[in-house]
Amino acid sequence: MVIKRLGRLGTLPVAATVLTGTLALYIALVAFGNITDFDTNRDFVRHVLAMDTTFKDDDLMWRAIDSRTVQDIAYIAIIAWETLAALVLVAGTALWVRGLWRGGFVHARRLSTLGLLMLMLLFGAGFIAIGGEWFAMWQSSKWNGLEPAGRNFILAGFTLVVLHLPPQWWDRPGGRPAA
């Protein structure tokens, strides 16, 4: 009996719940940190957008944004996106937990997918593509966030794949495996 119950902890829905919940907690803490310690990462965003620690190649420097107002708007938009992604993932996690008890994972999967795609847009399109390439963040030894952005992008992508693995009973009425 105990072995059978423990075996249920090793199911894909439990893995999806844990992965989604972990990313929800992570991005919520990131947003909270950016709100409560506003200046630290604001300086990061300002330096990346200003391109002031890059190689300062004349062919690239026209891309730099020196306006503090525009830099701060970009930073506030990042925080708002992080906060919204956290809320979506927290709601997704709650739906996974509910599905573990009551069955049915369709809504949990959809909402979690939305939150994970939001993370992939933030870290992939925002930090890797725009920050890393457009603003040449890769050239900076001090203000380079490509490694953590890549790590976050891969983790969100991995979680997305797990959520979309096709076990036969995830979407079956009742959402529970045959005993």
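Helices (H or I, at least four residues) and strands (E, at least two) are DSSP runs, numbered from the N terminus. The model on your screen is predicted, so local features need pLDDT of at least 70 and side-chain atom pairs count only at pLDDT 80 or more, while totals for chains, interfaces and linings use all residues. Residues are numbered from 1 along each chain as its sequence is written, and side-chain values use heavy atoms, with hydrogens and water left out.

**The whole chain**

Begin with the whole chain in a cartoon view, where the secondary structure comes to six helices and zero strands, so that the order of elements from the N terminus reads α-α-α-α-α-α. Switch to a surface view, and you are looking at about 10,300 Å² of accessible surface, of which 68% belongs to carbon and sulfur atoms; such areas come from the Shrake-Rupley method with a 1.4 Å probe, and for residues only the protein chains shown count as cover. Of the 179 residues, 42% are buried, where buried means under 20% relative accessible area, exposed over 50%, and partly exposed in between (1.4 Å probe, protein chains only). Contact here means heavy atoms within 4.5 Å, and among the contacts with a separation of 6 or more, 75% join residues 24 or more positions apart.

**Helix α3 and the loop after it**

Select α3, residues 38-50, which has 13 residues and reaches 18 Å from its first C-alpha to its last, close to the 18 Å expected at 1.5 Å a residue; the expected span is 1.5 Å times one less than the number of residues. Its buried residues are R42, F44, V45, R46, V48, L49 and A50, and they pack against α4 and α5.

Now step to M51, which follows α3 and has a positive phi near 55°, although M51 is a residue other than glycine. M51 lies in the loop between α3 and α4, and because its relative accessibility is 1%, M51 counts as buried. In that loop you can also select K56, which has a positive phi of about 60° although it is not a glycine. Is K56 buried or partly exposed? K56 counts as partly exposed, because its relative accessibility is 46%.

**Q71, a residue of α4**

Move on to Q71 in helix α4, which counts as buried because its relative accessibility is 3%. Display its neighbours, and you will find that Q71 touches V45, R46, L49, A50, I65 and D66, not counting residues up to four places away in sequence. A distance drawn from the C-alpha of Q71 to that of R42 should read 8.1 Å, although the two are 29 residues apart along the chain.

**The nonpolar core**

In soluble globular proteins, nonpolar side chains tend to be buried together. A nonpolar core is a set of buried Ala, Val, Leu, Ile, Met, Phe, Trp, Tyr and Cys residues joined through side-chain atoms within 4.5 Å. Select I27, F44, L89, L116, L119, F123 and F127, which have the most contacts inside the largest such core, a set of 37 residues. The elements that give two or more residues to this core are α2, α3, α4, α5 and α6. Centre the view on F123, which touches I27, I128, A149, N152 and F153, not counting residues up to four places away in sequence.

**Helix α6**

From there, select α6, residues 146-163, whose 18 residues should span 26 Å at 1.5 Å a residue, and whose end C-alpha atoms are indeed 26 Å apart. Its buried residues are A149, G150, N152, A156, G157, T159, L160, V162 and L163, and what covers them includes α2 (12-36), α4 (68-102) and α5 (106-134).

**A pocket and a last loop**

Next, look at the second largest pocket, which holds about 330 Å³ of space. Of the 15 residues that line this pocket, the closest to its centre are I78, L122, G126, F127 and I130. The elements that give two or more residues to the lining are α3, α4 and α5, with α5 giving the most, six residues. On a 1 Å grid over the protein atoms alone, a pocket is an open set of points where a 1.4 Å probe fits, with protein on both sides within 12 Å along at least five of seven lines, and lining residues have an atom within 4 Å of a point. Grid points are joined across faces, edges and corners, and the volume is the space filled by probe spheres set on the points.

Finish at G104, in the loop between α4 and α5, which counts as partly exposed because its relative accessibility is 33%. G104 and P13 are 91 residues apart in sequence, and their C-alpha atoms are 9.9 Å apart in space.
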